[in-house]
Amino acid sequence: MNIQWYPGHMTKAKRAMKGDVKLVDLVIELVDARAPLASRNPDIDSLAAGKGRVILLNKADLASEKANAVWITYFESQGFQVMKIDARAKATLKQLNALIQEACKEKIERDRRRGILNRPVRAMVVGIPNVGKSSFINRMAQSKRAKVEDRPGVTRTKQWVKIGSNMELLDMPGVLWPKFDDQTVAQKLAFTGAINDDVMDLEALACLLLQRLAVSYPKALEERYRMTNLQAIQEDGFAMLELLGRKRGMLISGGEVNTERAAITLLDEFRSGKLGRITLELPEQEAL
């Protein structure tokens, strides 16, 4: 399965990002904590050169807690200010404000030397589709300022959002890159919902996810679907998909399994965290 998805509005959004980045002091990049490298647009580092940088591991509540700690250490070693968050939760706001002030410390000191006091920090919020940028901005603003839906590509235009008296956020549309040369990256993005399901073969995608989970998280499949003794079929994704469907009673006429329904169920329950806290990659794996 060759996965590619690059709607036309993303080209426009990338051009806007290039032009608008000069207006901000800081670039806040949201990544999916379940796949932090796969969910980083490779163009962001060059676009944000010379700006303060913050990386937020969003949906950290859906990822392995041990893996979250490993990724924080990894990104800090690359020179980023880093924090794990759940963009829907209130608890991290105070800590996040402190992190942003630290990332903009040089800018604030420079303003102070020039006699400019209390100028708001202007930050661009970037990330791939469906990573949670709008939820993050709404939480920061403590009101519904950005449209939120559980599907990629909802935000199509940029908008400035004022956060109190000391911060302004520029909400940008989610942007992927034109061609996925590494299909394992594309698969991780499809698993997490960053690629529109309408362009996907969901049964094939579910088979790939089952193959990955059977190796890395077999207990999750056993506990959620009562799928046991997977070693014999862990390389046969379709056989596992049929088994999942049978365990859930998803049968159609003739006793066949409704594999489309089984695929949708698996993907929905993985994305919502019903399979438990799962991380799809670690830094050492990416280095290899």
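The protein has 12 helices and six strands, where helices (H or I, at least four residues) and strands (E, at least two) are DSSP runs, numbered from the N terminus. This is a predicted model, in which local features need pLDDT of at least 70 and side-chain atom pairs count only at pLDDT 80 or more, while totals for chains, interfaces and linings use all residues. Residues are numbered from 1 along each chain as its sequence is written, and side-chain values use heavy atoms, with hydrogens and water left out. Of the 288 residues, 51% count as buried; buried means under 20% relative accessible area, exposed over 50%, and partly exposed in between (1.4 Å probe, protein chains only). Contacts (heavy atoms within 4.5 Å) often link distant parts of the sequence: among those between residues at least 6 apart, 68% join residues at least 24 apart.

Now for the sheet. It is open and made of six strands in the order β3-β2-β1-β4-β6-β5, with mixed pairing; two strands pair if DSSP finds at least two bridges between them. At the edges sit β3 and β5 (159-163), each of which pairs on one side only. From one strand to the next, the twist averages 25 degrees. Helix α6 (residues 133-141) packs on this sheet and touches β1, β2, β4 (121-126), β5 and β6 (167-171). The direction of α6 makes about 160 degrees with that of β6; axes here are lines fitted to C-alpha atoms, for helices over the stretch in contact, and angles run from 0 to 180 degrees between N-to-C directions.

Strand β2 is a good place to look more carefully. Seven of the seven residues of β2 (residues 52-58) are buried, so the strand is largely enclosed by the rest of the structure. In a regular strand the side chains alternate between the two faces of the sheet. Both faces of β2 are covered, with Gly52, Val54, Leu56 and Asn58 buried on one side and Arg53, Ile55 and Leu57 buried on the other. Strand β1 (residues 26-32) pairs with β2 in the parallel sense over seven bridges. Along this pairing, Glu29 stands opposite Ile55 and Val31 opposite Leu57. Strand β3 (residues 81-84) also runs parallel to β2, and four bridges join the two. Here Val54 faces Gln81, and Ile55 stands opposite Val82. To get from β2 to β3, the chain passes through helix α3 (residues 65-77), in a right-handed β-α-β crossover. Right-handed means that, with the strands pointing away from the viewer, the path from the first strand over the helix to the second runs clockwise.

The far end of the sheet looks like this. Strands β5 and β6 pair in the antiparallel sense over five bridges, and Lys162 has Glu168 of β6 as its bridge partner. The two strands form a hairpin with three residues between them, and Gly164 in the turn has a positive phi of about 60 degrees.

What about the inside? A nonpolar core is a set of buried Ala, Val, Leu, Ile, Met, Phe, Trp, Tyr and Cys residues joined through side-chain atoms within 4.5 Å. The largest one has 64 residues, and Ile28, Leu56, Phe136 and Leu169 have the most contacts inside it. Helix α8 (residues 202-216) supplies the largest share of this core, eight residues. A second, separate core of 13 residues includes Val24, Leu47, Ala48 and Leu170. Leu56 of β2 touches residues including Ile28, Met83, Leu96 and Phe136, leaving aside those up to four places away in sequence.

Helix α8 also meets helix α7 (residues 183-192): their axes come within 10 Å and cross at roughly 100 degrees. That makes α7 roughly perpendicular to α8 (angles under 35 degrees count as roughly parallel, over 145 as roughly antiparallel, 65 to 115 as roughly perpendicular and the rest as oblique). Gln187, Lys188, Ala190 and Phe191 of α7 make the contact with Leu205, Leu208, Leu209 and Arg212 of α8. Helix α7 is mostly covered, with nine of its 10 residues buried, among them Val185, Ala186 and Leu189. Just after α7, Gly193 takes a positive phi of about 95 degrees.
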